Amino acid sequence: MGMSEFYGAGDDDESVATIHEALDAGVNFLDTADMYGPFKNEELVGRAISQRRDEVVLATKFGNERGQDGSYLRVNGTPEYVVAACDASLRRLGVDVIDLYYQHRVDRSVEIEETWGAMKSLVEAGKVRHLGISEASSRTIERAHAVHPVTALQSEYSLWTRDPEDGVLETCRRLGIGFVAYSPLGRGFLTGESSNRDGRDQTDFRTHNPRFSGEAGERNLVLVRNLEAIAAQKGVTVAQLALAWVLSRGGDVVPIPGTKRRKWLRENIAADDIELSDADIAALEAAVPREAVAGDRYPERSMGSLNG
């Protein structure tokens, strides 16, 4: 996402080089969405994998409908839109089939069975291999799964966002659904790098994120300082520690740390080599108590689209 929007200016050439280095290192799961850019990120990913399609498990998403001018239109789960959005994503990505196609947000005005009936038709047509859903409640996951198997749920999950532990993870495990954790680094806050908010590009959406600003930002910065102390003791970075915690949640939990630069990619990959003991995990969770995290995950206008 950050390669094309939301995190300030990007560099397409560096982004493509980052994707190529990731593939060279054995990373094979790439996640995008039609709304990123909007539309530009799918084109970027398509360009990056054009000669390496067989090396990639390719995921994209639909549901956050945007205009060509970038305006936000609505969350759209109508059957007609499902099919049209998929065809458009296939064209932008330059591929014949999408490996994992997510419903990005749940349209509360459309029965989930209608949306998933259309998604199922995409599998039957050979346009999509597997289906997923993002930021859905346990009940919605169960209803979707009854129409067609849900391969993966994607929701925010990190040391400072523990909401999936309130039943959703259990639902996924009961139904055999993989869990994809987005923003495992707290949109960069859990790296320590973005905790200095002065001078941030105004196109960076974190400028307006409740957890990054004002009193909430200052309170959350204390939690990062707690992590920095532990990271120093272990000789790793804060980002690596935060990723290692997500990786410790189980083999069915797959974090997707976003980055648009190769130097951060290398740091993220190295987190896979960190082994945390039970004592380490307890120390991390004590350093970032769930109840101590201040501020909503998104601005108020976006909160209504979560847990659909």
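## Helix α3 and what covers it

In this predicted model, helix α3 (residues 79-93) has a buried set made up of Y81, V82, A85, C86, A88, S89, L90, R92 and L93. The cover over these buried residues includes the helices α2 (40-49) and α4, together with the strands β2 (57-62), β3 (64-66), β5 and β6.

The length of α3 can be checked against its residue count: at 1.5 Å a residue its 15 residues should span 21 Å, and because the C-alpha atoms at its ends are 21 Å apart, the two values agree. The helix is followed by G94, a residue with a positive phi near 70 degrees.

## Strand β6 between β5 and β7

Strand β6 (residues 128-134) is one of the elements that cover α3, and five of its own seven residues are buried, so the strand is largely enclosed by the rest of the structure. Strand β5 (residues 98-103) runs parallel to β6 and is joined to it by five bridges, with Y102 standing opposite G132 of β6. Between these two strands the chain passes through helix α4 (residues 112-124), and the resulting β-α-β crossover is right-handed.

Strand β6 is also joined to strand β7 (residues 150-156), in this case by four bridges, and the two strands run parallel. G132 appears in this pairing as well, where it stands opposite A152 of β7. The chain goes from β6 to β7 by way of helix α5 (residues 138-147), in a β-α-β crossover that is right-handed.

## Aromatic pairs around F189

Six aromatic pairs are found when the whole structure is searched. In one of them, W160 and F189 are stacked, with 5.0 Å from centre to centre and 15 degrees between the planes. W160 belongs to the loop between β7 and α6 (168-175), whereas F189 belongs to the loop between β8 (178-182) and α7 (214-234), so this pair ties together parts of the chain that are 29 residues apart in sequence. Both W160 and F189 are buried.

F189 also pairs with F212: their ring centres are 5.0 Å apart and their planes stand at 90 degrees, an angle over the 60 degrees required, so the pair is edge-to-face. Both F189 and F212 lie in the loop between β8 and α7, so here the pair ties together parts that are 23 residues apart in sequence. F189 has 0% relative accessibility and therefore counts as buried, and F212 is likewise buried, with a relative accessible area of 1%.

An aromatic cluster is formed by Y157, F179 and W245. Arginine side chains also lie over ring faces: R211 lies over the face of W160, at 5.0 Å from the ring centre, and R66 lies over the face of Y72, at 4.3 Å from the ring centre.

## Backbone values that stand out

Most residues other than glycine have a negative phi, and most peptide bonds are trans. Against that background, the peptide bond from G37 to P38 is cis, with omega near -5 degrees, and P38 is placed in the loop between β1 (29-31) and α2.

Two residues other than glycine can be described together with this bond. E135, in the loop between β6 and α5, has a positive phi near 55 degrees, and with a relative accessible area of 2% this residue is buried. R187, in the loop between β8 and α7, has a positive phi near 55 degrees, and R187 is buried with a relative accessible area of 6%.

## L159 and its contacts

L159 is placed in the loop between β7 and α6, and because its relative accessibility is 0%, under the 20% limit, L159 counts as buried. Apart from its neighbours within four places in sequence, L159 is in contact with L190, L227, A242, W245, L284, E285 and V288. Of these, W245 is also a member of the aromatic cluster with Y157 and F179.

A link back to helix α3 can be drawn through L90, one of its buried residues. L159 and L90 are 69 residues apart in sequence, and their C-alpha atoms are 35 Å apart in space.

Definitions and conventions
Residues are numbered from 1 along each chain as its sequence is written. This is a predicted model: local features need pLDDT of at least 70, side-chain atom pairs count only at pLDDT 80 or more; totals for chains, interfaces and linings use all residues. Side-chain values use heavy atoms; hydrogens and water are left out. Buried means under 20% relative accessible area, exposed over 50%, partly exposed in between (1.4 Å probe, protein chains only). Two strands pair if DSSP finds at least two bridges between them. A crossover is right-handed if, with the strands pointing away from the viewer, the path from the first strand over the helix to the second runs clockwise. Rings of Phe, Tyr and Trp (its six-membered ring) pair if their centres lie within 6.5 Å; planes under 30 degrees apart count as stacked, over 60 as edge-to-face and the rest as tilted. A charge sits over a ring if NZ of Lys or CZ of Arg is within 6 Å of the ring centre and within 35 degrees of the ring normal. The expected span of a helix is 1.5 Å times one less than its number of residues. Contact means heavy atoms within 4.5 Å.
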